[in-house]
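Q: I'd like a close look at one part of this fold, the sheet, and then at whatever sits around it. Here is the model I have open.

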Amino acid sequence: MPSPFTLATSLVPGRNLDVQRRAVASWHKLGFHIVSFNRSGEMAPLSQDFPDVAFHDPGRDASEVTGKPLVYLADILAYFIDSQPGVFGIINSDILLEAPHD
């Protein structure tokens with residue numbers, strides 16, 4: 001049964017992969033389901049590096065405005081409103097989460 005707790009992120013292809021892998025592993029260890037918001041061109045390499053992460057293409061990014069394929073916060077929130085996954089959070093792809101053993 002999938003976790004009712006989901007973390008949204010936007011994994012970055014080819015950049016700080018070891019840090020991102022450690023972060024994703026820490027989230028899985030705490031029982032989170034993970035969804036990364038990336039455009040379709042980024043998904044193939046990322047899905048090889050992160051086979052235990054679900055990917056969602058929001059259909060657009062802020063490349064024209066920022067010069068980078070940044071995901072709009074509104075698109076992440078719309079995804080969760082539409083899918084009603086329960087409890088969710090949004091986290092940067094390089095943040096490790098740790099909790100006490102109890």
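In what order do the strands form the sheet, and is the pairing parallel or antiparallel?

A: A word on the model before the sheet. It is predicted, so local features need pLDDT of at least 70 and side-chain atom pairs count only at pLDDT 80 or more, while totals for chains, interfaces and linings use all residues. Numbering starts from 1 along each chain as its sequence is written, and side-chain values use heavy atoms, with hydrogens and water left out.

Now the sheet: it is open, made of 4 strands in the order β3-β2-β1-β4, and the pairing is parallel. (Two strands pair if DSSP finds at least two bridges between them.) On the edges you'll find β3 (54–56) and β4 (87–90), each pairing on one side only. Going from one strand to the next, the twist averages 25 degrees, using lines fitted to C-alpha atoms as axes and angles from 0 to 180 degrees between N-to-C directions.

Zoom in on β2 (residues 33–37): 3 bridges join β2 to β3, and the two run parallel. One spot to click on is Val 35, whose bridge partner in β3 is Ala 54.

Along the chain, the elements go β-α-β-α-β-α-α-β from the N terminus, which gives 4 helices and 4 strands. These are DSSP runs, helices being H or I of at least four residues and strands E of at least two. The C-alpha atoms fill a box of roughly 45 × 30 × 20 Å along the principal axes.

Strand β1 also leads us to the largest pocket: β1 (5–9) and α4 (73–83) are the elements that each give two or more residues to its lining. The volume is about 520 Å³. Here a pocket is an open set of points on a 1 Å grid over the protein atoms alone, where a 1.4 Å probe fits and protein lies on both sides within 12 Å along at least five of seven lines; lining residues have an atom within 4 Å of a point. Of the 22 residues lining it, the closest to the centre are Ser 10, Val 12, Leu 70, Asn 92 and Ser 93. By class, the lining has 11 nonpolar, 7 polar and 4 charged residues.

The second largest pocket holds about 150 Å³ of space. Its lining includes Ser 26, Lys 29 and Leu 30, along with Leu 97, Glu 98, Ala 99, Pro 100 and His 101.

Key. Points joined across faces, edges and corners; volume = space filled by probe spheres on them. Nonpolar A, V, L, I, M, F, W, Y, C, P; charged D, E, K, R; others polar.
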